[in-house]
Amino acid sequence: MSAGTQAYGPRYANWGWRVLSSLIDTLVFYLPLLLVFVGVNALGMVDAEGDPDGPVANLVVGVAAALALGFAVVNRIVLDGRGQSVGRRLTGTRLVSLRNGTPIGAGRAALRNLCHVLDSIPLDIGYLMPLFTKERQTLADMVMRTVVVRVRS
């Protein structure tokens, strides 16, 4: 029996856990960038419009942006492909294959992230679908045949 399943089947993660997980993943991406921008601003390394000014400021912001992007790729593709991004780990949820309950791997996780475009059309309704679908899936989950399950209470 795989993680997140019980004798009667998987415990699909409700919409609230999914949203919280996504918010955490978003925060761990943007918060360090925000702190870098605040620091650059506090040190007066900005021009009149508030943009980084000078080679040091541009280097600091560029390095921070590259690290944040690298972390996002690792978090949303590699870790999610293994079942748990940072947000999923903290919320006790796991992304798995609907077919066999195992992690989907980095390739399918990358494709699933691309499929989230479908969740935005129309009016982000796909992101609300876990509220009323049997297996609590978004459109991207349906296309990729994935589910998010609870792995702890």
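Biologist: Let's start at the surface: is Arg-145 buried or exposed?

Modeller: Keep in mind that this is a predicted model. Arg-145 has a relative accessible area of 58%. The cut-off lies at over 50%, so Arg-145 is exposed.

Biologist: Where along the chain does Arg-145 sit?

Modeller: The backbone is worth a look here, as Arg-145 is not a glycine and still has a positive phi of about 55 degrees. Strand S4 covers 146–150. Arg-145 has its place in the loop between H6 and strand S4.

Biologist: Which residue in the loop between H5 and H6 has a positive phi although it is not a glycine?

Modeller: This residue counts as partly exposed, at 31% relative accessibility. Its phi is about 55 degrees. The residue in that loop between H5 and H6 is Arg-136.

Biologist: Thanks! Stepping back, in what order do the elements of the protein chain run?

Modeller: The protein chain has six helices and four strands. Its C-alpha trace spans about 60 × 30 × 25 Å along the principal axes. Read from the N terminus on, the order of elements is β-β-α-α-α-β-α-α-α-β.

Biologist: What percentage of the residues in the protein chain is buried?

Modeller: A residue is counted here if its relative accessible area is under 20%. The protein chain has 153 residues, and the buried share of them is 33%.

Biologist: Now the charges. How many salt bridges does the structure hold?

Modeller: One of them joins Arg-76 and Asp-25. Another pairs Asp-80 with Arg-88, and Arg-112 forms one with Asp-141. The total number of salt bridges in the structure is five.

Biologist: How far apart are the closest N and O atoms of Arg-76 and Asp-25?

Modeller: These two residues form a salt bridge. Arg-76 lies in helix H2 (residues 55–81) and Asp-25 in helix H1 (residues 15–42), so the pair ties together parts that are 51 residues apart in sequence. Between their closest N and O atoms the distance is 3.3 Å.

Biologist: Which residue, Arg-76 or Asp-25, is buried?

Modeller: Arg-76 has a relative accessible area of 23%, which makes it partly exposed because buried means under 20%. The other partner has a relative accessible area of 6%. The buried residue is Asp-25.

Biologist: Which residues are linked with Asp-25 in a network of salt bridges?

Modeller: The Asp-80 and Arg-88 pair, with its closest N and O atoms 2.5 Å apart, belongs to this network. Both Asp-80 and Arg-88 are buried. Linked with Asp-25 are Arg-76, Asp-80 and Arg-88.

Biologist: And how many residues apart in sequence are the parts that Arg-112 and Asp-141 tie together?

Modeller: Arg-112 and Asp-141 are both buried. They form a salt bridge, with the closest N and O atoms 2.8 Å apart. Arg-112 lies in helix H4 (residues 105–119) and Asp-141 in helix H6, so the separation in sequence of the parts they tie together is 29 residues.

Biologist: On to helix packing: are H2 and H4 parallel or oblique to each other?

Modeller: The axes of H2 and H4 come within 7 Å of each other, and the crossing angle is roughly 130 degrees. The crossing is right-handed. This angle falls short of the 145 degrees above which a pair counts as roughly antiparallel, and lies beyond the 65 to 115 range for roughly perpendicular, so H2 and H4 are oblique.

Biologist: Which residues does the cis peptide bond join?

Modeller: Omega of this bond is about -20 degrees. One partner is a proline found in the loop between H4 and H5. The cis bond joins Ile-121 and Pro-122.

Biologist: What separates the C-alpha atoms of Pro-103 and Ser-21, in Å?

Modeller: Pro-103 is found in the loop between strand S3 (93–97) and H4, and is partly exposed at 39%. Along the chain, Pro-103 and Ser-21 are 82 residues apart. Their C-alpha atoms are separated by 17 Å.

Biologist: One last stop: how much accessible area does the nonpolar patch on the surface have?

Modeller: Trp-15, Ile-125, Leu-128, Leu-131 and Phe-132 form this patch. Phe-132, in the loop between helix H5 (125–128) and helix H6 (139–144), counts as exposed at 56% relative accessibility. Together the patch residues have an accessible area of about 470 Å².

Methods: Residues are numbered from 1 along each chain as its sequence is written. This is a predicted model: local features need pLDDT of at least 70, side-chain atom pairs count only at pLDDT 80 or more; totals for chains, interfaces and linings use all residues. Side-chain values use heavy atoms; hydrogens and water are left out. Patches are made of residues with over 30% relative accessible area and no salt bridge: like charges are joined within 9 Å, nonpolar side chains (Val, Leu, Ile, Met, Phe, Trp, Tyr) within 5 Å. Accessible areas come from the Shrake-Rupley method with a 1.4 Å probe; for residues, only the protein chains shown count as cover. A salt bridge is a side-chain nitrogen of Lys or Arg within 4 Å of a carboxyl oxygen of Asp or Glu. Helices (H or I, at least four residues) and strands (E, at least two) are DSSP runs, numbered from the N terminus. Buried means under 20% relative accessible area, exposed over 50%, partly exposed in between (1.4 Å probe, protein chains only). Axes are lines fitted to C-alpha atoms, for helices over the stretch in contact, and angles run from 0 to 180 degrees between N-to-C directions. Angles under 35 degrees count as roughly parallel, over 145 as roughly antiparallel, 65 to 115 as roughly perpendicular and the rest as oblique. A crossing is left-handed if the near helix is turned anticlockwise from the far one by less than a right angle, and right-handed if clockwise.
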